[in-house]
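Visitor: I'd like a quick tour of a model, question by question. Could you put it up on the screen?

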Amino acid sequence: MRPDAGMAAMPARERTRIHATAIAIGEAGVLIRGASGSGKSTLALALIALAAQGNRFARLVADDRVELAAKGGRLVARPVAPLEGIIERRGLGLTPEPHTGAVVVRLIVDLSAEAPARMPEPEDLVDSLAGIDLPRLRMTGRAGDERLALNALDLFTEGER
């Protein structure tokens with residue numbers, strides 16, 4: 001079944017929109033949160049490029065605004081019109097990008113100017129959205145962080161492949 005099956009019929013009160021970026025790597029979604037200008041789009045593009053170098057399917061789902069809905073114990077991310085297929089590239093503005101319509105979120109990446117703990121506590125590696133617990137990675141969004149994010153996604157989804 002497609003991850004977005006039935007979402008259109010879902011009542012608006014069960015869906016929420018957040019300021020974030022979402023991408024799909026294989027069948028796993030990465031939800032990237034952070035303040036404006038923190039590097040969400042840059043990290044998303046770097047993750048897509050890194051995954052594609054490894055011959056993995058990788059696509060944008062949504063940039064800047066993401067619609068989330070809990071369905072069957074999973075969190076599904078979708079783009080918000082009219083931003084479908086558009087991503088911000090610093091210095092170029094809004095540009096087209098191949099995209100997919102929905103993905104099941106498997107990892108949350110929180111970007112912050114503050115460096116994450118070197119050895120995070122177990123409770124810092126999980127966050128709950130719409131009542132669904134998901135693995136969470138905190139990072140600053142520096143160049144090269146896409147490797148850590150991809151490794152974390154692989155680690156947290158290892159049993160699902």
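Guide: What follows is a chat about a predicted model, starting with the whole chain and ending with single residue pairs.

Visitor: In what order do the helices and strands come along the sequence?

Guide: Start with the tally: the chain has 2 helices and 10 strands. Reading along the sequence then gives the pattern β-β-α-β-β-β-β-β-β-β-β-α.

Visitor: What radius of gyration does the chain have?

Guide: For 161 residues, a compact globule would come out near 15 Å, and the chain agrees with that. The C-alpha atoms fill a box of roughly 45 × 40 × 30 Å along the principal axes. As for the radius of gyration of the chain, the value is 15 Å.

Visitor: What share of the contacts between residues at least 6 apart joins residues at least 24 apart?

Guide: Here you take contacts between residues at least 6 apart in sequence, then ask what part joins residues at least 24 apart. That share comes to 66%.

Visitor: How many of the residues of strand 3 are buried?

Guide: Strand 3 covers residues 58-62 and runs antiparallel to strand 1 (residues 15-25), with 4 bridges joining the two. Ala22 stands opposite Ala62 of strand 3. Strand 3 is mostly covered, and the buried count is 4 of its 5 residues.

Visitor: How far apart are the end C-alpha atoms of helix 2?

Guide: Helix 2 has 12 residues, and at 1.5 Å a residue it should span 16 Å. The model agrees with that expectation, since the end C-alpha atoms are apart by 17 Å.

Visitor: Which elements do the buried residues of helix 2 pack against?

Guide: First, the buried residues themselves: Asp145, Glu146, Ala149, Leu150, Ala152, Leu153 and Asp154. An α-helix has 3.6 residues a turn, so residues three or four places apart point the same way. The packing partners of the buried set are strand 1, strand 2 (28-33), helix 1 (40-53), strand 8 (103-111) and strand 10 (132-139).

Visitor: Which backbone oxygen does the side chain of Thr157 reach?

Guide: Thr157 sits in the segment after helix 2 (145-156). It counts as buried because its relative accessibility is 6%, below the 20% cut-off. Leaving out residues up to four places away in sequence, Thr157 touches Ala28 and Arg106. Its side chain also reaches a backbone oxygen at 2.6 Å, and that oxygen belongs to Leu153.

Visitor: Is Ala52 buried or partly exposed?

Guide: Ala52 is found in helix 1. Ala52 and Ile25 are 27 residues apart in sequence, with their C-alpha atoms 8.9 Å apart in space. Buried would need under 20% and exposed over 50%. Ala52 has 43% relative accessibility, so the label is partly exposed.

Visitor: On to charges: how many salt bridges does the count come to?

Guide: The rule asks for a side-chain nitrogen of Lys or Arg within 4 Å of a carboxyl oxygen of Asp or Glu. By that rule, the count comes to 9.

Visitor: What N to O distance do Arg15 and Glu67 have in their salt bridge?

Guide: Arg15 is partly exposed at 25% relative accessibility, while Glu67 counts as buried at 10%. Their side chains meet in a salt bridge, with an N to O distance of 3.6 Å. The pair links distant parts of the chain, Arg15 in strand 1 and Glu67 in strand 4 (residues 65-71), and their separation in sequence is 52 residues. To return to your question, the N to O value is 3.6 Å.

Visitor: Which residue forms a salt bridge with Arg56?

Guide: Arg56 is partly exposed, with a relative accessible area of 29%, whereas its partner is buried at 19%. The closest N and O atoms of the pair are 2.8 Å apart. The partner of Arg56 is Asp154.

Visitor: Which residue meets Arg65 in a salt bridge?

Guide: Arg65 is partly exposed at 37% relative accessible area, and its partner is partly exposed too, at 32%. The N to O distance is 3.8 Å, and the partner is Asp64.

Visitor: Which residues do salt bridges with shared partners join into one network?

Guide: Here salt bridges share partners, and that links the residues into one network. The members are Arg33, Asp110, Asp127 and Arg136.

Conventions
Residues are numbered from 1 along each chain as its sequence is written. This is a predicted model: local features need pLDDT of at least 70, side-chain atom pairs count only at pLDDT 80 or more; totals for chains, interfaces and linings use all residues. Side-chain values use heavy atoms; hydrogens and water are left out. Buried means under 20% relative accessible area, exposed over 50%, partly exposed in between (1.4 Å probe, protein chains only). Two strands pair if DSSP finds at least two bridges between them. A polar contact is a pair of N or O atoms within 3.5 Å; within protein, one must be able to donate a hydrogen and the other to accept it, and residues adjacent in sequence count only if both atoms are side-chain atoms. Contact means heavy atoms within 4.5 Å. The expected span of a helix is 1.5 Å times one less than its number of residues. The radius of gyration is taken over C-alpha atoms; the globule rule is 2.2 Å times the number of residues to the power 0.38.
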